[in-house]
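Biologist: I am new to this structure. Please take me through the surroundings of the ligand.

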Amino acid sequence: MQEELFNKIVNMDEEGSIKLAKEYLDRGGKPQELLEVCRRAMDAIGEKFEKGEYFLSELLLGGEIFKSIMEFVLPLLEESETTKLGTIVLGTVKDDIHSIGKDIFKAFAQAAGFEVIDLGVDVPEEKFVEAVREHKPDIVGMSCLITAGISSMKRTREALRASGLEDIKIIIGGGRVDESVKQFVGADAWSDDAARGVRICKELLGVEG
Ligand code: B12
């Protein structure tokens, strides 16, 4: 069923994908597994786009299918713990408008007990600085899916330092991040997986679990 769903998404069968995703949950499938199938399908769509087999319209439709599925999957995650673990200011960085991965990380973090202040997409460094001053979070999370966003993350890191907010913990995530990007940006941690990202946030705060 996972492969069938993967193929339906990659082949842009919006109605069929949504129907099958609902069936998957009805049969007891886990929301996290469903999101992982969707993420793999997005990678495949991205590869087709890179090869010139798909165009921007397919990227858009793929994103729409994923968002439609998220509408009924993400609320299922918001059940677990009640104690507040900490606050995360989160945004997709300047020049990058990809929102899906950020929204998934947000849902996972909320489900684990974090309060998340979501600044949206294409967020300039000043807005991160303002939000950190206002909300005094424990962690800043930056999402980045395009190469151009890497320098935005670095500028945001520098703007936080220049504003005397150098002690804030920073985690970066999304398809364009890895250890070398983490070092370039000067972040404390990175993850290209929402569940692992939440575990790392707990570690950064010294919280058990
Ligand atoms: C859907 C999509 C779009 C949609 C976005 C819709 C939306 N609302 O988000 C639209 C059509 C708008 C779009 C536009 C563009 N896109 Co696009 N897009 C994609 C695609 C196919 C899927 C992205 C996605 O949602 N993946 C699924 C999510 C779940 O994965 P994820 O983001 O990695 O998130 C997971 C983790 O990384 C993590 N995570 C995410 N954020 C965070 C944050 C923190 C703090 C943590 C801890 C974890 C975390 O949690 C998530 C779940 O595990 C990718 C292909 C790909 N392989 O990524 C291309 C891709 C990212 N796009 C690409 C490009 C080039 C573009 C455009 C420039 C195209 C154009 N010519 O206009 C524009 C960019 C506009 C801009 N300024 O940002 C390239 C980027 C290449 C590069 N190196 O820069 C990609 C890689 C496609 C490709 N292979 O060429 N795109």
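Modeller: Here is the ligand site, followed by the two domains.

This is a predicted model, where local features need pLDDT of at least 70, side-chain atom pairs count only at pLDDT 80 or more, and totals for chains, interfaces and linings use all residues. Residues are numbered from 1 along each chain as its sequence is written, and side-chain values use heavy atoms, with hydrogens and water left out.

The shell around the ligand holds 38 residues; a residue counts as near if one of its heavy atoms lies within 4 Å. Ile97, His98, Ser99, Ser143 and Thr147 come nearest. By class, the shell has 15 nonpolar, 13 polar and 10 charged residues. Here Ala, Val, Leu, Ile, Met, Phe, Trp, Tyr, Cys and Pro are nonpolar, Asp, Glu, Lys and Arg are charged, and the others, Gly among them, are polar.

Now the backbone. A backbone N or O atom of Gly174 lies 3.2 Å from a ligand oxygen atom. For Gly175, a backbone N or O atom is 3.4 Å from an oxygen atom of the ligand. Asp192 has a polar backbone atom 3.4 Å from a ligand oxygen atom. Several elements give two or more residues to the shell, including helix 3 (31-51), strand 4 (169-173) and helix 9 (194-204). Helices (H or I, at least four residues) and strands (E, at least two) are DSSP runs, numbered from the N terminus.

Next, the domains. The assignment, automatic or from a database, gives domain 1 (2-77) and domain 2 (86-204). Each gives at least three residues to the ligand shell. Their C-alpha centres lie 25 Å apart. The contact (heavy atoms within 4.5 Å) takes 8 residues from domain 1 and 6 from domain 2.

Terms used:
Polar contact = N/O pair within 3.5 Å; in protein donor to acceptor, adjacent residues only side chain to side chain.
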